[in-house]
Amino acid sequence: MDDSNGDGIAQPTAESQDSPPAVTRRRRGRVSLSCAVCTTAFTVDAYRAETAKFCSRACQGLARRAPVAPCDTCGTPVPRPPADPDRRFCSMACRDANRRVTVTCQQCGVGFSRKASEAEKRLFCSRTCMQAAWRCRWCARLVSARRRQDRPQAGMGRLFCSDRCEVSAALHEEAEVTGYRRAYCSACQRVKAAEDFHHEQANRNGLSGRCKDCTRLKYEGTKEAYQRRRYRYQAGPGGRVLPFTAQQQEERFSLWEGRCWKCGIAEATEADHVKPISKGGWHCLANLRPICHSCNARKRETWPLAGEWLAANFIHPNPAPGSDRLNRRPREPRMEHTCPQCGKTQLLRACEARIKKYCSRACMKTAKQGGRLTLICEHCREEFEVRDQTWARERRFCSRSCAYQGNRRRQA
């Protein structure tokens, strides 16, 4: 019997209307399960409840590769490969967080969290507390670990970074009580009076770390090296610094018998570069000559030499053959000159001392101006001062306004 209608479409029977499709029947029942890897809840059909163990293929692949266990800190699934079956943490952060302990600061007493491996070494909660506990009570520097280990007791030695600071602090306390200041020299390691030290505001006691004698010895030892560095810095194009010893320089200057190579007086206490360093001259024995302070100040960086500098007023102790060394007139010694205006005394050459009258232009100008005179104005009858000169003595008025009014009164 044909169940189709006139349109050719089959009509469902009563039996087919009562029984739903097989696919619909399978999806009716859903079961909620927990993933064996990540413990995430997921739902599956009821007929898969016995076989479904994982929420995704990622968890399934993770379980196949290695056993999985939750992290002891955060619960994240952690695979345990055969090489590391006892793995308990998913990362280094979780491992460190699980191993952190609480440590008490030895300075402020505040508890702070640190790794268990660092708990024995970390004694302070911050750098401020560390500096407050380990800094020197005199210079504020950190006391070294070796000094703290040598003196573990909480005594005076542990509070200072060195013996010098310890002695300086004791001397400072003594000065506050007695009023007598003393200091410790780090070079000779002696305690001396404050008068034996230079002043230095950078130090706490206002005195330098070395006494005057040790400072002088240090300067004498490093003076030559300092001068060579200064010459290298000031050297012009083509200039060089050739090293030589002090004995070689002394032998070189002995040719002039301690006299200035320019004026010939026996006060040659300085060394002169004939060709200045800044002009390309070399710092060597051939370019050095003894010179006095006055000639050195006048010569300065003169180059090339001209005029009076080409002829030295000095008889060389080793003259060339045929020279008239013995026939030259002996040089006059220098004379003292006193300024009649300010009274200043200075040592000048004999030819200059005979001509020179004043020590400077200021004294000469003051002497020419003369003193001061006090006159009375003819108009306002007030006193005013003028220079003690011929034209100033004839003044009758103190100002132009008084002169104008006084002349008008006379004409009326």
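**Exercise 1.** In this predicted model, classify Glu174 as buried, partly exposed or exposed, and do likewise for its salt-bridge partner.

Solution. Step 1: Glu174 has a relative accessibility of 29%. Step 2: partly exposed covers the range between under 20% (buried) and over 50% (exposed), and Glu174 is therefore partly exposed. Step 3: the partner is Arg182, with N and O 3.0 Å apart. Step 4: Arg182, at 31%, also counts as partly exposed.

**Exercise 2.** Which parts of the chain does the salt bridge between Arg147 and Asp163 tie together?

Solution. Step 1: the side chains of Arg147 and Asp163 meet at 3.3 Å, N to O. Step 2: Arg147 belongs to helix 6 and Asp163 to helix 7 (residues 163-178), so the bridge ties together parts 16 residues apart in sequence. Step 3: Arg147 is buried at 13%, whereas Asp163 is partly exposed at 44%. Step 4: a network of salt bridges links Arg147 and Asp163 with Glu166.

**Exercise 3.** Locate the salt bridge between Arg216 and Asp213 within the secondary structure.

Solution. Step 1: the closest N and O atoms of Arg216 and Asp213 are 3.3 Å apart. Step 2: both residues lie in helix 8 (residues 212-234), separated by 3 residues, or about one turn of the helix. Step 3: Arg216 is partly exposed at 47%, as is Asp213 at 44%.

**Exercise 4.** Why is there no disulfide between Cys295 and Cys292?

Solution. Step 1: a disulfide needs sulfur atoms within 2.5 Å. Step 2: the sulfur of Cys295 is 3.4 Å from that of Cys292, its closest cysteine sulfur, which is too far for a bond. Step 3: a search of the whole structure gives 0 disulfides.

Technical notes. Residues numbered from 1 in each chain as written. Predicted model: local features only at pLDDT ≥ 70, side-chain atom pairs only at ≥ 80, totals over all residues. Heavy atoms only, no water. Salt bridge = Lys/Arg side-chain N within 4 Å of Asp/Glu carboxyl O. Helix = DSSP H or I, 4+ residues; strand = E, 2+ residues; numbered from the N terminus. Buried < 20%, exposed > 50% of the residue type's maximum accessible area, 1.4 Å probe, protein only.
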